[in-house]
Amino acid sequence: MLNQYLFALRAAEKRQIAYPDEPLWLRDEGGRSVDTALNADNAAMVFYGLSHGAGNDKVTNEILSLLSPMLQRYEAAYEKSQGKWYQEEYVETIGVQLAMLSAFQPRLSNLLPGTGRMIPTGVAAPTPPSVSDNARQLLQFQKTSQDEAKQSILLKAGDLARSERLKAPAKERLQVLLARYR
């Protein structure tokens, strides 16, 4: 699954580079790579695997670096159309972001260096309390900001799900995704 997802991301990125003016619709001819890469269920499985050691840091970084511009393109396309087009794609971007934040949140303390690893311990002079406090504050800020990002997405998506801006299939999909990540 991890390799298929990575290949789909690469193919979608290659297609977007070739045609930068308009993102590919999920159901377009040739949209298979986008449908695979942007599908929130696929992303959730991949992120779960990555968060439990299925890939290495290089694979994780490549997936996240390829995925970020794709999500931004679809969000921009949805906003540019004032919510008329790319509804399904936009809903999937919400699901992918929630999957990413949910999968990596439990491991955040392992992904980030602890205060003991942020401050050199072999130094002859004792570490000033302000340095130790700053390291703890940085860790807390990153943990909090990730949780706040997830809550912000959930709040924004909840408002969208209750509005009349989405067509029925996109609205139903969004409600399923919200129920999964609340």
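Visitor: Which residues in α9 do Q87, E88, V91, E92, I94, G95, L98, A99 and S102 in α5 meet?
Guide: The model is predicted. In it, the α5 side of this contact runs through Q87, E88, V91, E92, I94, G95, L98, A99 and S102. The residues they meet in α9 are A170, R173, L174, L177 and Y181.

Visitor: How do the residues of the contact of α5 with α9 divide into nonpolar, polar and charged?
Guide: Nonpolar members include V91 and I94 in α5 and L174 in α9. The full division is eight nonpolar, three polar and three charged.

Visitor: Is α5 roughly parallel or roughly antiparallel to α9?
Guide: Helix α5 covers residues 87–104 and helix α9 residues 168–181, and their axes lie 9 Å apart. The packing angle is about 5 degrees. Angles under 35 degrees count as roughly parallel, so α5 relative to α9 is roughly parallel.

Visitor: Which residues touch the most other members of the largest nonpolar core?
Guide: This core holds 46 residues. Helices α1, α2, α3, α4, α5, α8 and α9 each supply at least two of them. The residues touching the most other members are F47, I63 and L174.

Visitor: Which residues does I63 touch, not counting residues up to four places away in sequence?
Guide: I63 is a member of the largest nonpolar core. With residues up to four places away in sequence left out, I63 touches L2, Y5, L6, L9, V46, F47 and L50.

Visitor: How many helices and strands does the protein have?
Guide: Read along the sequence, the pattern is α-α-α-α-α-α-α-α-α. The count is nine helices and zero strands.

Note on methods. Residues are numbered from 1 along each chain as its sequence is written. This is a predicted model: local features need pLDDT of at least 70, side-chain atom pairs count only at pLDDT 80 or more; totals for chains, interfaces and linings use all residues. Side-chain values use heavy atoms; hydrogens and water are left out. Axes are lines fitted to C-alpha atoms, for helices over the stretch in contact, and angles run from 0 to 180 degrees between N-to-C directions. Helices (H or I, at least four residues) and strands (E, at least two) are DSSP runs, numbered from the N terminus. Angles under 35 degrees count as roughly parallel, over 145 as roughly antiparallel, 65 to 115 as roughly perpendicular and the rest as oblique. Contact means heavy atoms within 4.5 Å. Ala, Val, Leu, Ile, Met, Phe, Trp, Tyr, Cys and Pro count as nonpolar, Asp, Glu, Lys and Arg as charged, and the others, Gly among them, as polar. A nonpolar core is a set of buried Ala, Val, Leu, Ile, Met, Phe, Trp, Tyr and Cys residues joined through side-chain atoms within 4.5 Å. Buried means under 20% relative accessible area, exposed over 50%, partly exposed in between (1.4 Å probe, protein chains only).
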